[in-house]
Amino acid sequence: MPTATIVLTLDDDADRTMYVDRAANGTLTQADLPDDLWDGVDWLHLTGYTFFDPQTRDVAIDLIAEAKRRGTGVSVDPSTTAFLREVTPEAFAEWTRGVDLLVPNLDEARLMVGATGPFVDFDALTRMYPQVVVTLGSMGAAYVAGGDREQVAAPRIQVVDTTGAGDAFTAGFLASWLEQKDPRAALTGGIGAASRCVQQRGARP
């Protein structure tokens, strides 16, 4: 089975279009997840692709259930509006029930709540997930949990390539969040990681 492959094209604004072949990623089963894989795990992060693929959806749902049984936190990134629209936000919300933190970008957040204008009903999002972090591109990112709201602006930088920015943000956010449990510090950590990512070509660091 070949390794998964993604081909990306960039436009003049450094935004990308992705062409994905999941290949071996679509073969994930429970047999690939032995109990000792959970040793020392404090947080589980999943992407929407695992739920959008019918071959791996049940594994992802079971992972959420197992994480909750172990007291492990769970976050999910919807990953793409195209597949989210195809399966419907309602189905996605049902599959990800029990998740502690949703990490959508602005377009995914708007789609999740059926927004027809430029604004997002954050209250509607937090009725589905107890905590939500919405990435806002050049405007930074916002954290919402019940009545608590924080937003941190992004620095002004030269954007070369947006590939990997969302994943970099999530990594930076979760690293800070698990250490400090402070929304503003976690947003700052996520924005810092994403800002470093978009200033170079490719999806790293």
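Strand E6 is covered on both faces: Gln131, Val133 and Thr135 are buried on one side, and Val132 and Val134 are buried on the other. The model is a predicted one. Five of the five residues of E6 are buried, so the strand is largely enclosed by the rest of the structure. In a regular strand, side chains alternate between the two faces of the sheet.

E6 belongs to an open sheet of six strands, ordered E3-E4-E5-E6-E7-E8, with mixed pairing. The edges of this sheet are strand E3 (43-47) and strand E8 (148-152), each of which pairs on one side only. Strands of a sheet pair through backbone hydrogen bonds, and the pairing may be parallel or antiparallel. The strands can be followed in order from the E3 edge.

E3 and E4 run parallel and are joined by five bridges. Trwo residues to look for here are Trp43 and its bridge partner in E4, Gly73. E4, like E6, is covered on both faces: Gly73, Ser75 and Asp77 are buried on one side, Val74 and Val76 on the other. Five of the five residues of E4 are buried, so this strand too is largely enclosed by the rest of the structure. On its way to the next strand, the sheet continues with E4 and E5, a parallel pair with two bridges. Val76 has Leu102 of E5 as its bridge partner. E5 and E6 are also parallel and are joined by two bridges, and Leu101 has Gln131 of E6 as its bridge partner.

The sense of pairing then changes to antiparallel, with four bridges between E6 and E7. Val133 is bridged to Tyr143 in E7. E6 and E7 make a hairpin with five residues between the strands, and in the turn Gly137 has a positive phi of about 60 degrees. E7 and E8 are antiparallel as well, with five bridges; Ala142 has Gln151 of E8 as its bridge partner.

Helix H7 packs on this sheet and touches E3, strand E4 (73-77), strand E5 (101-102), strand E6 (131-135) and E7. The direction of H7 makes about 165 degrees with that of E3.The side chains come next. In soluble globular proteins, nonpolar side chains tend to be buried together. The largest nonpolar core here has 32 residues, and Phe51, Phe92, Leu125 and Tyr129 touch the most other members. Helix H2 (residues 57-70) supplies the largest share of this core, five residues. Leaving aside residues up to four places away in sequence, Phe51 touches Leu46, Arg57, Ala60, Ile61, Ile64, Val76, Phe92, Trp95 and Thr96. Two of these contacts of Phe51, Arg57 and Trp95, also meet each other: Arg57 lies over the face of Trp95, at 3.9 Å from the ring centre. A second core, separate from the largest one, has 16 residues, including Trp43, Tyr143, Leu174 and Ala194.

The structure also holds eight aromatic pairs. One of them is formed by Phe52 and Phe83, which are tilted, with 5.7 Å between centres and 55 degrees between the planes. Phe52 lies in helix H1 (residues 48-52) and Phe83 in helix H3 (residues 81-87), so this pair ties together parts that are 31 residues apart in sequence. Are the two rings' residues buried or exposed, and to what extent? Phe52 has 10% relative accessibility, and because buried means under 20%, this residue counts as buried. Phe83, with a relative accessible area of 36%, is partly exposed.

Another tilted pair is that of Tyr143 and Trp177, at 5.7 Å centre to centre and 35 degrees between the planes. Tyr143 is in strand E7 (residues 141-145) and Trp177 in helix H7 (residues 165-180), so the pair links parts of the chain that are 34 residues apart. Both Tyr143 and Trp177 are buried. Phe52 and Phe83 also belong to one aromatic cluster with Tyr49, Phe51 and Phe92.

A last point concerns helix H8 (residues 183-198), where Gly192 lies. Gly192 counts as partly exposed, at 23% relative accessibility. Gly192 and Pro155 are 37 residues apart in sequence, and their C-alpha atoms are 8.6 Å apart in space.

Key
Residues are numbered from 1 along each chain as its sequence is written. This is a predicted model: local features need pLDDT of at least 70, side-chain atom pairs count only at pLDDT 80 or more; totals for chains, interfaces and linings use all residues. Side-chain values use heavy atoms; hydrogens and water are left out. Rings of Phe, Tyr and Trp (its six-membered ring) pair if their centres lie within 6.5 Å; planes under 30 degrees apart count as stacked, over 60 as edge-to-face and the rest as tilted. Buried means under 20% relative accessible area, exposed over 50%, partly exposed in between (1.4 Å probe, protein chains only). A charge sits over a ring if NZ of Lys or CZ of Arg is within 6 Å of the ring centre and within 35 degrees of the ring normal. A nonpolar core is a set of buried Ala, Val, Leu, Ile, Met, Phe, Trp, Tyr and Cys residues joined through side-chain atoms within 4.5 Å. Contact means heavy atoms within 4.5 Å. Two strands pair if DSSP finds at least two bridges between them. Axes are lines fitted to C-alpha atoms, for helices over the stretch in contact, and angles run from 0 to 180 degrees between N-to-C directions.
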